[in-house]
Amino acid sequence: MVTTPGYIHDLNPFAIQFTETIGIRWYGLSYLAGFIVGHWLIYRFVRRHESPLPVALVSDFVFSVALGTIVGGRLGYCIFYQPRLLTQFTSDLPFWGVLAFNQGGMASHGGILGIIIACWWFARRHQLPMLHLMDLTTFGGAVGIFFGRIANFVNGELVGRIASAGHPFAVRFPSDVFSWPTSDPARLSTLAPVTELVGVSKEEWLRTVVTNPHSALIDRTLSRLVTSIQDGNVAVRETLGPLLDPRHPSQLYQAALEGGVIALLLFWFARKPRAFGFFA
């Protein structure tokens with residue numbers, strides 16, 4: 001086996017796994033963490049400063065925003081990226097494609113629209129200034145981005161650009177292979193030595209790559225390769241690693257900058273209420 005410089009991503013997206021596709025994922029826990037920490041921050045702000053939002057309504061407000069985030073994010077993903085899920089119904093749980101979170105996740109712009117609608121509805125229902133409520137959501141938003149981008153890294157998604165092999169932060173993501181049938185089908189043939197490790201012979205793999213690079217066998221084998229690495233198969237990881245491009249872990253960059261740095265700036269601005277800008 002060839003020793004590959006840099007880190008080969010081998011994290012499992014499941015914190016607790018019940019079946020092959022069902023379990024408690026780190027991505028879902030990141031949302032929960034964002035809502036919990038966001039609730040705590042908004043509660044502290046409302047108690048310490050003058051705010052038209054009563055302390056007694058903080059939990060109701062955070063719940064409304066959380067619901068808007070989840071519903072808007074999911075519908076945004078289905079409408080903009082996977083419209084087939086809107087009309088996909090089956091006899092098995094969860095019955096409707098929109099509820100099948102294991103077939104894809106959330107869209108940030110859909111979540112933002114959901115938050116805006118939730119703030120509008122809550123402001124109208126309780127006679128509160130909508131802009132103030134939207135300002136309050138920035139607390140949980142920044143924290144949510146921090147946790148969410150870390151979860152994106154754990155999932156091996158939203159990967160960054162190709163980096164130099166010697167880059168100190170370079171990461172090789174096995175999930176890259178999912179894009180090869182469309183972006184670079186000729187590259188699939190290089191996986192022949194790895195597919196043997198998951199039960200697909202070189203001959204069968206190369207024959208399928210030439211005749212039908214979009215076949216079910218290709219999809220099934222690529223999934224098996226990635227899952228094997230997540231399950232701790234060292235042989236697959238070390239054999240596949242040299243074939244992958246080293247990439248920037250953009251998810252971690254974004255967690256630090258879009259989440260951490262912006263959260264610190266918000267906390268600094270929130271020290272004192274202002275008649276403009278934040279928390280007006």
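**Helix packing, strand pairing and an aromatic pair**

The crossing of helices H7 and H8 is left-handed in this structure, which is a predicted model. The contact between these helices is made by Glu204, Trp205, Thr208 and Val209 on the side of H7, and by Leu217, Ile218, Thr221 and Leu222 on the side of H8. Sorted by class, the residues of this contact comprise 5 nonpolar, 2 polar and 1 charged. Helix H7 spans residues 202–211 and helix H8 spans residues 216–230, and the two pack at an angle of about 125° with their axes 9 Å apart. At this angle, H7 and H8 are therefore oblique to each other.

A second packing arrangement involves helix H4 and helix H10, the latter covering residues 250–269, whose axes lie 8 Å apart at an angle of about 165°. Since angles over 145 degrees count as roughly antiparallel, H4 and H10 are therefore described as roughly antiparallel to each other. The crossing in which H4 passes H10 is left-handed. On H4, the contact is made by Thr138, Phe139, Ala142, Ile145, Phe146, Arg149, Ile150, Asn152 and Phe153, while H10 contributes residues including Gln251, Leu252, Ala255, Glu258, Ile262, Leu266 and Phe267. By class, 12 nonpolar, 6 polar and 2 charged residues take part in the contact of H4 with H10.

Helix H2 (residues 58–80) and helix H3 (residues 108–126) form a further pair, packing at an angle of about 145° with their axes 6 Å apart. Here H2 passes H3 in a right-handed crossing. Several glycines belong to this contact, among them Gly68, Gly72, Gly73 and Gly76 of H2 and Gly110, Gly111 and Gly114 of H3, and aromatic residues also take part, including Phe61 and Phe80 of H2 and Trp121 and Phe122 of H3. The residues of the contact between H2 and H3 divide into 8 nonpolar, 10 polar and 1 charged, with glycine counted among the polar residues in this classification.

Turning to the strands, an open sheet is formed by 3 strands in the order S1-S4-S5, and its pairing is mixed. Strand S1 (7–8) and strand S5 (246–247) stand at the edges of this sheet, where each has a single partner strand, so one side of each is left without a neighbour in the sheet. S1 pairs with strand S4, which comprises residues 171–172, in the parallel sense over 2 bridges. Within this arrangement, Tyr7 stands opposite Val171 in S4. Another pairing is found between strand S2 (residues 14–17) and strand S3 (residues 23–25), which run antiparallel and are joined by 3 bridges. Ile16 has Ile24 in S3 as its bridge partner, and S2 and S3 form a hairpin with 5 residues between them.

The structure also holds 11 aromatic pairs. One of these is formed by Phe153 and Phe173, whose rings have their centres 6.0 Å apart and their planes at 85°, so the pair is edge-to-face. Phe153 lies in helix H4 (residues 130–155), whereas Phe173 lies in the loop between S4 and helix H5 (180–183), so the pair ties together parts that are 20 residues apart in sequence. Phe153 is also one of the H4 residues that make the contact with H10.

Notes
Residues are numbered from 1 along each chain as its sequence is written. This is a predicted model: local features need pLDDT of at least 70, side-chain atom pairs count only at pLDDT 80 or more; totals for chains, interfaces and linings use all residues. Side-chain values use heavy atoms; hydrogens and water are left out. Axes are lines fitted to C-alpha atoms, for helices over the stretch in contact, and angles run from 0 to 180 degrees between N-to-C directions. Helices (H or I, at least four residues) and strands (E, at least two) are DSSP runs, numbered from the N terminus. Angles under 35 degrees count as roughly parallel, over 145 as roughly antiparallel, 65 to 115 as roughly perpendicular and the rest as oblique. A crossing is left-handed if the near helix is turned anticlockwise from the far one by less than a right angle, and right-handed if clockwise. Contact means heavy atoms within 4.5 Å. Two strands pair if DSSP finds at least two bridges between them. Rings of Phe, Tyr and Trp (its six-membered ring) pair if their centres lie within 6.5 Å; planes under 30 degrees apart count as stacked, over 60 as edge-to-face and the rest as tilted.
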